[in-house]
Structures are given as C-alpha cells and as structure tokens.
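Please open the structure in your viewer and keep the selection tool at hand, because each stop on this tour begins with something to select.

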Amino acid sequence: AGVSYDFIVRTRMDAKWFAPLPASAVEQLLQAEATDPVVITPAEHAWGGINDRFVMTTRAGFLAYSNLFQNLMKKDRSGPFAVGWSKNVTGCDGMCNGEKLLKYHIQAVMPTARMGTL
C-alpha cells in the first residue's frame, strides 16, 4: 500500500509558485473525494484554455490532467484525439496551443470535471 494524499499540487519545471496555496482552493480540494475530478489552475496565462504551469487537483483530476500526451500519441488516434479532433477545440482551426489542447483534453476525457481558477 502506498501513501494516501489529500490532493496533488504540480508545477511545471520552468515555473515557480511563491505565494501560499489559496485557502479557498485547498478547502475545495479537501471537501472533494479523491474520485471527484477537480482541477484548479491560475487564471493567468491560460491563452484560451487551461494554464499548464501550475495545478491543484484531486487524484481523479490529475489522472485526466497528466495523460494528455499518452492520448495524443495513441497510434490509432482513438478517444478524444480521433481524426479531426482539432475542429472540436474552440479557436484551433487545425492549429492549437498547449493550453487549449489541455482544456479540450480534460473536457473530452472527463466531461464531469469541475474546473476552477485561482
């Protein structure tokens, strides 16, 4: 058996978080079950999608958040990244930034996800 955590905080390697974790986000995550898909990111630098530099999330939310590239690399292009998927992403028109791609991915693999911003 492994260690059980209340929630997950992840930063990208090229990003830093200097402030205390927002109490409202911590409270929301502590009230959620590990199986509840909750994803909280900063509102800044979202570029029409979800900020990919910092995330606070439940276990279920992190499983969806972190398997983006596994789904992108599926050889059969099944799931959310089937042929023509970029037409489903608002503002992509065949080209997409990472933030829009992440938002589309989470909405596609976990449509019940509760997404919030700090």
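What follows is a short walk through a predicted model, stop by stop.

Begin with the largest pocket, which holds about 190 Å³ of space, and select its lining: Arg10, Arg12, Asp52, Phe62, Tyr65, Ser66, Leu68, Phe69, Gly98, Leu101 and Leu102. Two or more of these residues come from each of helix 2 (59-66), helix 3 (68-72) and helix 4 (98-109). If you colour the lining by class, you will find six nonpolar, two polar and three charged residues.

Next, select helix 2, where the buried residues are Ala60, Gly61, Ala64 and Tyr65. These four lie on the same side of helix 2, because they cover an arc of only 135 degrees around the axis.

From there, extend the selection to the largest nonpolar core, whose twelve residues are Val39, Ile50, Val55, Ala60, Ala64, Tyr65, Leu68, Leu101, Leu102, Ile106, Met110 and Ala113. Helix 2 and helix 4 are the elements that give two or more residues to this core. Apart from it lies another core, of eight residues, including Phe7, Leu29, Ala32 and Val38. Now centre the view on Ala64, which, leaving aside residues up to four places away in sequence, touches His105, Val109 and Met110.

Finally, select Glu44, which sits in the loop between strand 2 (38-41) and strand 3 (54-57). Is Glu44 buried or partly exposed? With a relative accessibility of 49%, Glu44 counts as partly exposed. Add Thr117 to the selection as well: Glu44 and Thr117 are 73 residues apart in sequence, and their C-alpha atoms are 8.8 Å apart in space.

Key
Residues are numbered from 1 along each chain as its sequence is written. This is a predicted model: local features need pLDDT of at least 70, side-chain atom pairs count only at pLDDT 80 or more; totals for chains, interfaces and linings use all residues. Side-chain values use heavy atoms; hydrogens and water are left out. On a 1 Å grid over the protein atoms alone, a cavity is a set of points where a 1.4 Å probe fits but cannot get out, and a pocket is an open set with protein on both sides within 12 Å along at least five of seven lines; lining residues have an atom within 4 Å of a point. Grid points are joined across faces, edges and corners, and a volume is the space filled by probe spheres set on the points. Ala, Val, Leu, Ile, Met, Phe, Trp, Tyr, Cys and Pro count as nonpolar, Asp, Glu, Lys and Arg as charged, and the others, Gly among them, as polar. Buried means under 20% relative accessible area, exposed over 50%, partly exposed in between (1.4 Å probe, protein chains only). The arc is that of the directions from the helix axis to the C-beta atoms. A nonpolar core is a set of buried Ala, Val, Leu, Ile, Met, Phe, Trp, Tyr and Cys residues joined through side-chain atoms within 4.5 Å. Contact means heavy atoms within 4.5 Å.
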